[in-house]
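Colleague: Please take a close look at one stretch of this model for me. From there, kindly continue to the contact between the partners and the local features around that contact, in one connected account.

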Amino acid sequence: FTQSQGVWLGISSQPPSIHLSSKGKQCFLVLRQQQFNVQALVAVGERASKQMVKFAANINKESIVDVEAVVKKVEQTIESCSQQDVELHIERIFVVSQAEPRLPLQLEDCVRPEGEGDEVRMRARALGPRTTTSQAIFRLQSRVCQLFRDTLTNKGFVEIQTPKIISAASEGGANVFTVSYFKTSAYLAQSPQLYKQMCICADFDKVFCVGPVFRAEDSNTHRHLTEFVGLDIELAFNYHYHEVIESITDTMVQIFKGLRDKFQTEIQTVGKQYPSEPFKFLEPTLRLEYSEGVAMLREAGVEMGDEEDLSTPNEKLLGRLVKEKYDTDFYVLDKYPLAVRPFYTMPDPNDKKYSNSYDMFMRGEEILSGAQRIHDAQLLTERAMHHNIDLEKIKSYIDSFRYGAPPHGGGGIGLERVCMLYLGLHNVRQTSMFPRDPKRLTP
Amino acid sequence: MPMYQVKPVFGDDIKTDLPTCMYKLPNIHAQRSASGCSEHALQNGTEVVDPAFRDLEVRQDKIMRRLYELKAAVDGLAKTVTTPDADLDQTVTSLSQSPTATSFRGTADLDSLLGKDLGALRDIVINANPARPPLTLLVLHAMLCQRYRVLSSVHVHSSVSGVPAQLLSCLGPRHADSYVRQRFQLGFTLIWKDVSKLQMKFSIQNMCPIEGEANVARFLFRLVAPYPSDPALATLVDSWVDTAFFQLAEGSAKERSAVLRALNGALGRDPWLAGPELSLADIACYCCVLQTGPAASSPANVQRWLKACENLGHFGPANPLLQ
């Protein structure tokens, strides 16, 4: 572009910092618009009077301004802004919406690498996400959701909406929220599982749904929320449940590729505040069997039984071993032992100890737990009785398989956790716009 | 493959009304399965009826078998006219030996070569740059598949945005049993990645990664067949392998023509480069020679040797990538 172009910067420019030079003749502002910021200058001269400079210096931080300025090239690169080779020489400046002089938090604190301002930042949600990093994170998250929908729609999936107020706890157990429902009570859905499966039985062949999931787990960890966005897939297959695994992993790989190819700017922006290794993956996705995982852990010195479930430290260690051997952050562990899976998991026809179920891991942490589901009402009843589950409570679930159900399987991922692990962040609350956990209910 | 089985929908006691006005044939199926001794009776019946017929059948079988043996012998002889005697033993004398017998000596050997099996697939992971596909390793992979049950898979790493289709199918079609990794003795995972040097990883606890196509080729060859026990011969093999990879594949034009002259000289004296049989030296040199130029541009002895190599049939996997 030619030097000295005039430009009118629209409404949402917000100066996060204003500096007045000592003699009062110049005022530097940094104007920000979503992910990018640029230095601007008001100097006493033909277009600006001394009063204007004083006015500019007194604008509260984070106010919204309208600016008419001339773009000028600078010789020295401006390190502190995203636009490093130009600055604006302001000719007119107006305040559109003034911010209060005392802000609940300083945005400079928000951009510091470690979580000092975390608590305050979580509360002032109208302010915290204004940092370039947060903007980048949430834009990336929006893109993940979009890639998920696009990839599945191109594969012929149908998007469905499932109810969140349900009459019976779908996964069984104590981790449900109860709501009062007129004269009785109802529950908030822990997962759309039951309804996804009913849609498959209703001959939709391939479905997915995007919606909130509510888990009343009293876990205060870096990766648990009580409410999160679940991206769930369910599909009927023709010959072998590996078709389901391939479909899900292909969707994930398309999401990763879409982010890798088109969102490098956002990934770099996040990387400045939270540095991490870039995310690596293989196509087609690596699939290891549970017994192989156990053997790798045993080789590394861990003692565990053949049918024992993987503890979180073991999962992380296995993730590191896989990363070292295959150099991938994303892989599938197939053929879990039957004993550690829910009652509706289809057992392995070749080996009674194992099941047709799988978990997927990103950076050593689990993001998806899925399986081939039992589609025969008789077998389902047997397995439920084996697990001592009250058949009355799941009667309608079992009934849906009595009228002709295709073999099917699926799984679900959490949007926030996937984003967190893709970017290498350490707390899922950073990727949740308004996080919910056992101790947080507002904003 | 065994899968969830649907229970039979129809019962098997459907009654049908047969017409009574037609001539009824005795049921030919019921006769055989009705009683155990009826089969015996049938055989006896034919013996009684026509013993000469059975003798005739037996004689015919013998003649056909003899014919096949002769045909195979002639084929073998035809090959020896163009190829030194590496495969003569196999084609002529080992007809009765089934191929599966040789491939199942596999597990015991693998345990001694690679260490005890901990109950999981022993997976060899090779990271290669798609700009320089390792032909030698593809040939060795084919030889491994003949001796062991190998689960082969090809992946593309995220550091590479895309590879041509022939690189994705270079290890051959997917094995029908590949959904159960446990059924295989060895895994061969080829990952196309942006690496500067070819790299192999096998046991991350006990082994460091192996770099360089020559070194990985040596490792894989030892799983296929042992190195010659004579130290001089073993060194000769190693020296040719190094020559192939360093001077032929990566050298300047002068170095390459020098190597081709040396090859020409060596092949004038012996049919193979090191000893009486095909060895790793021949495999490596074949791949590197053809990577640098078409066969027709090599000296005469080298061309004859290239043809002999092709006749052995091991080099099939490399050919599509040479075009």
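Modeller: Over residues 251–310 of chain B, the chain is 68% helix and 0% strand. The C-alpha atoms at the two ends of this stretch are 25 Å apart. An unreviewed UniProt entry places the feature "domain: Glutathione S-transferase C-terminal" at these residues of chain B. The model is a predicted one, and the values that follow are computed from it.

Strands of chain B are found elsewhere, in a sheet that also includes a strand of chain A. Six strands form this open sheet, in the order β12(A)-β2(B)-β3(B)-β1(B)-β4(B)-β5(B), and their pairing is mixed. Its edges are β12 of chain A and β5 (210–211) of chain B; each has a single partner strand, so one side of each is left without a neighbour in the sheet. The link across the chains is antiparallel: two bridges join β12(A) to β2 (residues 150–157) of chain B. Within this pairing, Leu282(A) stands opposite His157(B) in β2(B).

The whole contact between the chains takes 31 residues from chain A and 34 residues from chain B. The size of an interface is often given as the accessible area lost when the parts come together. Here chain A and chain B bury about 3000 Å² between them, with 53% of it on carbon and sulfur atoms. On the chain A side, the residues that lose the most area to chain B are Glu292(A), Glu299(A) and Lys325(A), which together account for 20% of what that side buries.

Side chains of opposite charge can pair when their charged atoms come close. Two salt bridges are counted between chain A and chain B. Glu292(A) forms a salt bridge with Arg181(B), the closest N and O atoms being 2.5 Å apart. There are also 15 residue pairs in polar contact between the chains, both residues being at pLDDT 80 or more. The elements of chain A that give two or more residues to this side are α6 (242–262), β12 (282–283), β13 (286–289), α8 (290–299) and α9 (312–326). By class, the chain A side has 13 nonpolar, six polar and twelve charged residues.

Over all chains, the structure holds 27 salt bridges. One within chain A joins the side chains of Lys280(A) and Asp327(A), at 3.2 Å from N to O. This pair links distant parts of the chain, 47 residues apart: Lys280(A) is in the loop between α7 (264–273) and β12, and Asp327(A) is in the loop between α9 and β14 (330–334).

Two backbone features of chain A deserve attention. Most residues other than glycine have a negative phi, and most peptide bonds are trans. The peptide bond from Glu283(A) to Pro284(A), however, is cis, with omega near 0 degrees; Pro284(A) lies in the loop between β12 and β13. Phe182(A), which is not a glycine, has a positive phi of about 50 degrees. Phe182(A) is placed in the loop between β8 (178–181) and β9 (184–188) of chain A.

Both of those strands belong to an open sheet of three strands in chain A, in the order β7-β9-β8, with antiparallel pairing. At its edges stand β7 (165–166) and β8, each with a single partner strand, so one side of each is left without a neighbour in the sheet. Two bridges pair β7(A) with β9(A) in the antiparallel sense, and Ile166(A) stands opposite Tyr187(A) in β9(A).

Methods
Residues are numbered from 1 along each chain as its sequence is written. Chains are lettered from A and ligands numbered from 1 in the order in which they are written. This is a predicted model: local features need pLDDT of at least 70, side-chain atom pairs count only at pLDDT 80 or more; totals for chains, interfaces and linings use all residues. Side-chain values use heavy atoms; hydrogens and water are left out. Contact means heavy atoms within 4.5 Å. Buried area is the accessible area (1.4 Å probe) that two parts lose on being put together, summed over both. A salt bridge is a side-chain nitrogen of Lys or Arg within 4 Å of a carboxyl oxygen of Asp or Glu. A polar contact is a pair of N or O atoms within 3.5 Å; within protein, one must be able to donate a hydrogen and the other to accept it, and residues adjacent in sequence count only if both atoms are side-chain atoms. Helices (H or I, at least four residues) and strands (E, at least two) are DSSP runs, numbered from the N terminus. Ala, Val, Leu, Ile, Met, Phe, Trp, Tyr, Cys and Pro count as nonpolar, Asp, Glu, Lys and Arg as charged, and the others, Gly among them, as polar. Two strands pair if DSSP finds at least two bridges between them. UniProt positions are given in the numbering used here, feature names are shortened, and annotations may be inferred rather than shown by experiment.
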